[in-house]
Amino acid sequence: MIVLLQSTLAESEQRALAGRLEAWASDHGARLVGFGPGWGKCVEVDLAAGAEEEACASQVRQIDGIEAVLTASRPTHHVAGAGREPQRIEVGPARFGGGFASAIAGPCSVEEHDSLLALAWQLRRAGATALRGGAFKPRTSPYSFQGLGRPGLEILRSVSDQTGLPVVTEVLDPRAVELVAEFADVLQIGSRNMMNYALLSEAGGAGRPVLLKRGMSATLGEFLLAAEYLAHAGCSRILLCERGLRHFDPTVRNLLDLAAVPALKRVTHLPVVVDPSHGTGSAALVPAMLAAAAAAGADGFLVEVHPDPRHSVSDASQALSPEVFATALERASKVLEACDRRLARPAAETQPV
Ligand code: PEP
Ligand code: MN
């Protein structure tokens with residue numbers, strides 16, 4: 001189970017509380033697995049074999065200074081999953097978890113219908129099982145291309161209906177959740193919005209699976225609690241996505257934290273997706289990190305692919321060509337097989353001639 005300490009506690013109070021938790025654990029044959037500072041105020045507790053999780057949780061909830069105890073056994077919507085069967089999420093042909101990993105691929109931004117349709121068929125042939133593309137773009141500058149908006153969603157839906165690839169697309173604003181959910185199969189919450197709690201609550205209640213990207217400076221504890229907001233709003237199909245962290249070296253756009261994959265899997269049953277595109281910012285680095293993500297245990301991959309990478313309206317430097325994507329995904333598929341897992345593939349070709 002995961003124990004959350006009250007966020008208002010001073011450091012000395014936190015230490016005292018950790019002592020009370022230690023005492024409870026040693027009385028009950030349990031073990032505190034400190035997440036270290038990176039986990040913020042979450043503490044993982046390994047219970048004794050055979051211990052009844054709910055009974056333990058209700059005892060721990062009584063300890064002064066505990067904010068909440070998340071358990072795997074009680075409400076199905078909590079994100080805590082130590083010891084719980086890893087969740088498998090299926091969206092059309094895409095399967096995340098349960099021995100399968102799926103590739104979500106497509107351009108950074110939706111630009112135009114016909115080229116996206118042709119690209120989607122190429123992606124499908126390469127083994128992708130979902131289509132990505134932003135219709136609403138979170139841009140650093142208000143003067144940069146902001147996305148096509150609703151027409152972009154219409155293009156995605158049309159391409160999806162023709163190719164059978166489900167759509168993963170970002171929603172930026174709580175007021176747009178209903179609109180985006182009408183067109184998308186999976187709602188994406190971007191890195192910049194991981195802590196937009198109003199958006200998390202709205203998106204979590206939309207009845208769609210949600211792909212939640214890790215904030216670029218978020219601890220794993222904060223990431224899990226953001227997912228908990230989605231769960232709390234009713235979302236039972238949450239995909240966590242590692243997409244790289246802010247760091248000190250401008251040579252690589254972001255520092256892709258692949259250790260987050262096994263670290264998250266220790267404490268949550270949710271599938272973990274890796275985005276090597278934003279995670280590196282450079283097309284030259286994406287194939288290697290895609291293979292590394294497969295080796296690290298990722299249940300899915302989010303990859304930016306553009307028919308003409310140099311002319312992509314956003315994130316051109318990290319976009320792969322469809323050909324490079326196909327080769328890179330084949331290699332990742334071999335890595336998955338070496339790790340006793342498989343790439344979920346779309347059914348045989350049905351492209352109209
Ligand atoms: C994206 O996936 O296009 C995107 C904007 O990603 P991130 O939120 O990780 O920057
Ligand atoms: Mn992008």
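Start by selecting the loop between β14 (300–304) and α11 (322–338), and find Asp315 within that loop. Bear in mind as you go that this is a predicted model. Asp315 has a phi near 50 degrees, a positive value in a residue other than glycine.

Now move to the other end of the helix and select the loop between α11 and β15 (342–343), where Asp340 sits. Asp340 is not a glycine either, yet its phi is positive, at about 60 degrees.

**Helix α11 and its partner α10**

Keep α11 on screen and add helix α10, residues 286–296. How far apart are the axes of α10 and α11, and at what angle do the helices pack? The axes are 8 Å apart and the angle is about 25 degrees. Angles under 35 degrees count as roughly parallel, so α10 and α11 are roughly parallel to each other. If you turn the view to look through the pair, the crossing of α10 past α11 is right-handed.

Next, show the side chains at this contact. On the α10 side, pick Pro287, Leu290, Ala291, Ala294 and Ala295. On the α11 side, pick Val324, Ala328, Leu329, Arg331, Ala332, Val335 and Leu336. Colour them by class and you will have 11 nonpolar residues, no polar ones and one charged residue.

**Helix α3 against α11**

Hide α10 and bring in helix α3, residues 113–126. The axes of α3 and α11 are 9 Å apart, and the two helices pack at an angle of about 20 degrees. That angle makes α3 roughly parallel to α11. The crossing of α3 and α11 is right-handed.

For the contact itself, select Leu119, Gln122, Leu123 and Ala126 in α3. Facing them from α11 are Pro322, Glu323, Phe325, Ala326, Leu329 and Glu330. You may recognise Leu329 from the previous stop, since Leu329 of α11 also meets α10. By class, the contact of α3 with α11 has seven nonpolar, one polar and two charged residues.

**Helices α7 and α8**

Leave α11 and select α7 (residues 220–232) together with α8 (residues 260–267). Their axes come within 11 Å and cross at roughly 55 degrees. Are these two helices parallel or oblique? With that crossing angle, α7 and α8 are therefore oblique to each other. The crossing is right-handed.

To see what touches, show Leu220, Phe223 and Leu224 of α7. Then add Ala260, Ala263, Leu264 and Val267 of α8. By class, this contact has seven nonpolar residues, with no polar and no charged ones.

**The surroundings of ligand 1**

For the last stop, centre the view on ligand 1. Which residues surround ligand 1? They are Arg132, Lys137, Pro138, Glu170, Gln188, Gly190, Ser191, Arg192, Lys213, Arg243, His278 and Glu304. One of these, Glu304, belongs to the residue range of β14 (300–304), the strand that precedes the loop where you began.

Turn on distances for three of these side chains. A side-chain N or O atom of Arg132 is 2.8 Å from an oxygen atom of ligand 1. For Lys137, the distance from a side-chain N or O atom to an oxygen atom of the ligand is 2.9 Å. Finish on Lys213, where a polar side-chain atom lies 2.9 Å from an oxygen atom of ligand 1.

Notes. Residues are numbered from 1 along each chain as its sequence is written. Chains are lettered from A and ligands numbered from 1 in the order in which they are written. This is a predicted model: local features need pLDDT of at least 70, side-chain atom pairs count only at pLDDT 80 or more; totals for chains, interfaces and linings use all residues. Side-chain values use heavy atoms; hydrogens and water are left out. Axes are lines fitted to C-alpha atoms, for helices over the stretch in contact, and angles run from 0 to 180 degrees between N-to-C directions. Helices (H or I, at least four residues) and strands (E, at least two) are DSSP runs, numbered from the N terminus. Angles under 35 degrees count as roughly parallel, over 145 as roughly antiparallel, 65 to 115 as roughly perpendicular and the rest as oblique. A crossing is left-handed if the near helix is turned anticlockwise from the far one by less than a right angle, and right-handed if clockwise. Contact means heavy atoms within 4.5 Å. Ala, Val, Leu, Ile, Met, Phe, Trp, Tyr, Cys and Pro count as nonpolar, Asp, Glu, Lys and Arg as charged, and the others, Gly among them, as polar. A residue is near a molecule or strand if one of its heavy atoms lies within 4 Å of it. A polar contact is a pair of N or O atoms within 3.5 Å; within protein, one must be able to donate a hydrogen and the other to accept it, and residues adjacent in sequence count only if both atoms are side-chain atoms.
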